[in-house]
Amino acid sequence: MPEFRTEPLVVPTVSGLLPAGERDRRVALTSFRPEGERVQVPMREIICYECGQSSRVPSAALSANCLHCHTHLNMADVEIRPGSRRLTVRTLGNVYVPSATVLSHLSVVCSNMDVDGRVSGSFRCTGTLSLNTSMVLDGAVSAGKLVVDKGAEVELTVGAAAEQVEIYGRLKGRLQCKGQLHVYRSGAYEGVCKAADVVVDPGGRFDDQSRF
Ligand SMILES: [Zn+2]
């Protein structure tokens, strides 16, 4: 079957003629393709944030429905601006919180999250959760990688779970780390910690209170 293409064949040019390269490209686009040759739409795999199962969707899609639980999945990147009334964010994209944003009771599920503002609530990131400023997080926090940036003082009221933790600033609170917890030179950790592997650079402080 020939493919239907919506691309206009006639484009206005000054001379009325298309450059040779562009003309050849358009001729190729509208020619019949040999049997069996199919255009490959680039696809990517997504993990549903409701049921945890994977689906394949076109890479360019901005939303999709989970093939398993039919949840509508948002894939757009979201910026949580100051004064935002939207406190619940569910996306397979990334979330950015600019420094002017001060918000509590947030509930965020996303891929990567970069926090320059002062927020509180619960956060679930499949990728990296980067906390770049001081804040008290009073909800459950989980991330693939949790990063506390230099100069930031972060307190976890409920606690956090992560595959990997990097501490350049100060982190206080209950922590569960399936992989490596790394406290860098400028970093300090204090709390009840369960980590598979702990690395503390010279100058860093690691105060695990679970031993007492
Ligand atoms: Zn699902």
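This report covers the zinc site, the cysteines outside it, one pocket and two histidines with positive phi in a predicted model.

**Zinc site**

Four cysteines hold the zinc ion. Cys48, Cys51, Cys66 and Cys69 each coordinate through SG, at 2.3 Å. The angles among the four donor atoms run from 106 to 117 degrees, and the site is tetrahedral. For comparison, the ideal angle for four tetrahedral donors is 109.5 degrees. Along the sequence, the donors follow the spacing C-x2-C-x14-C-x2-C. Cys51 sits in the loop between β1 (43-47) and β2 (54-58), while Cys66 sits in the loop between β3 (63-65) and β4 (72-74), so this pair ties together parts 15 residues apart in sequence. The accessibility of these two donors is worth noting. Cys51 is partly exposed, at 32% relative accessibility. Cys66 is buried, at 1%.

**Cysteines and disulfides**

The whole structure contains zero disulfides. Cys177 takes part in none; its nearest cysteine sulfur belongs to Cys193, 7.0 Å away. Why is the sulfur of Cys193 not bonded to that of Cys177? The 7.0 Å separation is too far for a bond, because a disulfide needs the two sulfur atoms within 2.5 Å. Both residues are shielded: Cys177 is buried, with a relative accessible area of 3%, and Cys193 is buried at 9%.

**Second largest pocket**

This pocket has a volume of about 150 Å³. Its lining is made up of Ile47, Cys48, Tyr49, Thr91, Leu92, Val109, Cys110, Ser111, Arg124 and Thr126. Strands β8 (102-110) and β10 (118-131) are the elements that give two or more residues to the lining. By class, six lining residues are nonpolar, three are polar and one is charged. Cys48 links two parts of this account: Cys48 is a zinc donor and also lines the pocket.

**Positive phi**

Two histidines have positive phi values. His70 has a phi near 65 degrees, although it is not a glycine. His70 lies in the loop between β3 and β4, the loop that also holds the zinc donor Cys66. His105, likewise not a glycine, has a phi of about 60 degrees. His105 belongs to strand β8, one of the elements lining the pocket. Are these side chains' residues buried or exposed? His70 counts as exposed, and so does His105.

**Accessibility by residue**

| Residue | Relative accessibility | Class |
|---|---|---|
| Cys51 | 32% | partly exposed |
| Cys66 | 1% | buried |
| Cys177 | 3% | buried |
| Cys193 | 9% | buried |
| His70 | 60% | exposed |
| His105 | 62% | exposed |

Terms used: Residues numbered from 1 in each chain as written. Predicted model: local features only at pLDDT ≥ 70, side-chain atom pairs only at ≥ 80, totals over all residues. Heavy atoms only, no water. Donors = N, O, S within 2.8 Å, 3.2 Å for Na, K, Ca; no water. Tetrahedral: all angles 85-135°; square planar, octahedral: opposite > 155°, others 65-115°. Helix = DSSP H or I, 4+ residues; strand = E, 2+ residues; numbered from the N terminus. Buried < 20%, exposed > 50% of the residue type's maximum accessible area, 1.4 Å probe, protein only. 1 Å grid on protein atoms, 1.4 Å probe; cavity = no way out; pocket = protein on both sides within 12 Å on 5 of 7 lines; lining within 4 Å. Points joined across faces, edges and corners; volume = space filled by probe spheres on them. Nonpolar A, V, L, I, M, F, W, Y, C, P; charged D, E, K, R; others polar.
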